[in-house]
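Got the viewer open? Let's take a walk through this one, a stop at a time.

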Amino acid sequence: MDLPPSDTARLVLLRHGETTWSAAGKHTGRTDLPLTAAGEREARGARHRLRDLDPAVVYTSPLLRARRTAELAGFADAVVDPDLAEWDYGPVEGRTSAEISEVIGREFDIFREGVGVLPAGPAGSAPDGGTPGGEELAEVRARADRFVARARPTLDDGGTVLVVAHGHLLRVLATAWLDVDPAFGARLELGTAAICALGTSHGLESIEAWNLVAG
């Protein structure tokens with residue numbers, strides 16, 4: 001589905017295309033995986049779906065899957081912003097929710113329980129850029145808050161901002177925009193290469209469009 005046109009500035013979100021781990025439902029934080037062939041097609045499709053967008057600035061996560069998505073979507077000059085990296089999952093990195101649920105003996109919800117349900121690995125066991133213990137949800141939200149603060153001046157000047165990043169980070173970013181509890185992100189499903197738009201309505205920050213996936 002294409003992004004509906006708008007006469008007002010907004011914060012547009014694009015999740016990266018498919019990777020082998022996203023296809024398998026594995027938590028993919030700082031493990032720097034490339035897009036699959038299907039993921040590259042999704043990213044090229046996003047270029048068509050965003051054809052009418054003229055962003056004042058484009059930001060991307062430093063991770064390869066996001067940077068490649070930005071490039072294939074037509075935004076090769078996107079500004080790399082470390083605060084847009086995916087949640088550092090620490091001990092749950094590379095595991096599916098079903099696998100974690102089996103280990104802890106109950107249904108796992110990362111927004112409710114965080115990554116500390118499993119013990120941290122030994123020093124040096126985390127992917128590049130990650131930590132054995134991972135991040136708390138509040139730390140991810142703090143990064144999202146910092147990014148929103150940086151984007152505000154552009155938005156206030158009437159410019160649209162495009163963000164290319166990751167599923168959980170973008171869901172937390174939406175809660176930062178709405179100024180609601182970051183745990184609300186659990187209710188915001190987001191597919192690969194999905195497009196969203198955050199704007200303002202009647203003086204309140206709002207969600208204009210969410211999880212627009214290719215038809």
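Start with the whole protein chain: 51% of its 215 residues count as buried. Keep in mind that you're looking at a predicted model. Colour by secondary structure and you'll pick up seven helices and six strands, running β-α-α-β-α-β-α-α-α-β-α-β-β along the sequence. The C-alpha atoms fit a box of roughly 50 × 40 × 30 Å along the principal axes. How does the radius of gyration sit with a compact globule? For 215 residues you'd expect a value near 17 Å, and the protein chain has 17 Å, so the two agree. Turn on the surface if you like: about 9800 Å² is accessible, with 50% of that belonging to carbon and sulfur atoms.

**Stop one: H2.** Select residues 37-49, which is helix H2. Its 13 residues should span 18 Å at 1.5 Å a residue, and its end C-alpha atoms lie 19 Å apart, which agrees. Now show side chains for Gly 39, Glu 40, Ala 43, Ala 46 and Arg 49, the buried residues of this helix. Look at the spacing with this in mind: residues three or four places apart on an α-helix point the same way, because there are 3.6 residues a turn. What covers the buried residues of H2? The cover includes S1, H3, strand S5 (195-201) and strand S6 (204-212).

**Stop two: H3.** Next, select 64-72 for helix H3, where Arg 65, Ala 66, Thr 69, Ala 70 and Leu 72 are buried. Among the elements covering them are strands S1 (11-15), S2 (57-60) and S4 (161-165), along with helix H2. Step past the end of H3 to find Gly 74, with a positive phi near 100°.

**Stop three: the S5-S6 hairpin.** Zoom in on S5 and S6, which form a hairpin with two residues between them. The strands pair in the antiparallel sense over six bridges. Click Thr 200 and you'll see Glu 205 of S6 opposite. In the turn, His 202 has a positive phi of about 55°.

**Last stop: the aromatics.** The count of aromatic pairs comes to three. Pick out Trp 87 and Phe 111, an edge-to-face pair at 5.8 Å centre to centre with 75° between the planes. Trp 87 is in the loop between strand S3 (79-80) and helix H4 (97-104), while Phe 111 is in helix H5 (residues 110-113), so the pair ties together parts 24 residues apart in sequence. Are these two buried or exposed? Both Trp 87 and Phe 111 are buried. Add Tyr 89 to your selection and you have one aromatic cluster with Trp 87 and Phe 111.

Note on methods
Residues are numbered from 1 along each chain as its sequence is written. This is a predicted model: local features need pLDDT of at least 70, side-chain atom pairs count only at pLDDT 80 or more; totals for chains, interfaces and linings use all residues. Side-chain values use heavy atoms; hydrogens and water are left out. Buried means under 20% relative accessible area, exposed over 50%, partly exposed in between (1.4 Å probe, protein chains only). Helices (H or I, at least four residues) and strands (E, at least two) are DSSP runs, numbered from the N terminus. Contact means heavy atoms within 4.5 Å. The expected span of a helix is 1.5 Å times one less than its number of residues. Two strands pair if DSSP finds at least two bridges between them. Rings of Phe, Tyr and Trp (its six-membered ring) pair if their centres lie within 6.5 Å; planes under 30 degrees apart count as stacked, over 60 as edge-to-face and the rest as tilted. The radius of gyration is taken over C-alpha atoms; the globule rule is 2.2 Å times the number of residues to the power 0.38. Accessible areas come from the Shrake-Rupley method with a 1.4 Å probe; for residues, only the protein chains shown count as cover.
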